[in-house]
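Visitor: Please take a close look at the enclosed space inside this model, and then set it beside the other hollow and the core.

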Amino acid sequence: MKILSENRKARHDYFIEETFEAGISLCGTEVKSMRKGAVNLKDSFVSFRNGEAFIKNMHISPYEQGNIFNRDPLRDRRLLLHKREINYLFGAVKQKGFSVIPLSVYLKDSLVKVQIGLARGKKLYDKRSDIAERDAKRRMDREVKERNQ
């Protein structure tokens, strides 16, 4: 499994309740561009339309040798999920106030997969407490390392 791109900001801004693996419908030049690592998940999200899931605002840079076959870098791309997964995610978004966001894009057996997460937004005080915990852990690790030397 080779990770092509990660959305690190997502884990800072959201509590990830559940994760799902989804395929993604791409054209050839987009796959070539993704293999080079030219994909950005920042500010991307999943929306639902006509019983299908689409990923929006995922930027895939145009492939340099693609000429006329290149597509719009920010176009909506269909996610390939089972119908029950789509219904579950759609129900959670509508009723419970969750969001569905992409967490990472990776290659799995030469197929491009997207890990999406059912997420609940963090408040400012949640973010501050996470930062304080991370700093405390770093400080403890540093002190343990100094004592062992």
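Guide: The largest cavity is lined by Thr29, Glu30, Ser33, Ile60, Ser61, Pro62, Tyr63, Asn70, Arg71, Asp72 and Arg77. On a 1 Å grid over the protein atoms alone, a cavity is a set of points where a 1.4 Å probe fits but cannot get out, and a lining residue has an atom within 4 Å of a point. The model is predicted, and local features need pLDDT of at least 70, side-chain atom pairs count only at pLDDT 80 or more, while totals for chains, interfaces and linings use all residues. Residues are numbered from 1 along each chain as its sequence is written, and side-chain values use heavy atoms, with hydrogens and water left out.

The volume of the largest cavity is about 60 Å³, a volume being the space filled by probe spheres set on grid points joined across faces, edges and corners. By this rule there is 1 cavity of 30 Å³ or more. Its lining has 3 nonpolar, 4 polar and 4 charged residues; Ala, Val, Leu, Ile, Met, Phe, Trp, Tyr, Cys and Pro count as nonpolar, Asp, Glu, Lys and Arg as charged, and the others, Gly among them, as polar.

Helix 2 (residues 28-35) gives the most to that lining, with 3 residues. Helices (H or I, at least four residues) and strands (E, at least two) are DSSP runs, numbered from the N terminus. Among the elements of the chain, helix 2 also has the lowest mean pLDDT, 83, and strand 5 the highest, 93; pLDDT is the predictor's confidence in each residue, from 0 to 100. For the chain, the mean is 87, with 99% of residues at 70 or more.

The other hollow is the largest pocket, with about 150 Å³ of space. A pocket is an open set with protein on both sides within 12 Å along at least five of seven lines. Its lining has 6 nonpolar, 2 polar and 3 charged residues, and strand 2 provides the largest share, 4 residues.

As for the core, the largest nonpolar one has 26 residues, and Met34, Met58, Leu79, Leu89, Val105 and Ile116 have the most contacts inside it. Such a core is a set of buried Ala, Val, Leu, Ile, Met, Phe, Trp, Tyr and Cys residues joined through side-chain atoms within 4.5 Å, where buried means under 20% relative accessible area (1.4 Å probe, protein chains only). Strand 9 gives the most to this core, with 4 residues.

Key: Buried < 20%, exposed > 50% of the residue type's maximum accessible area, 1.4 Å probe, protein only.
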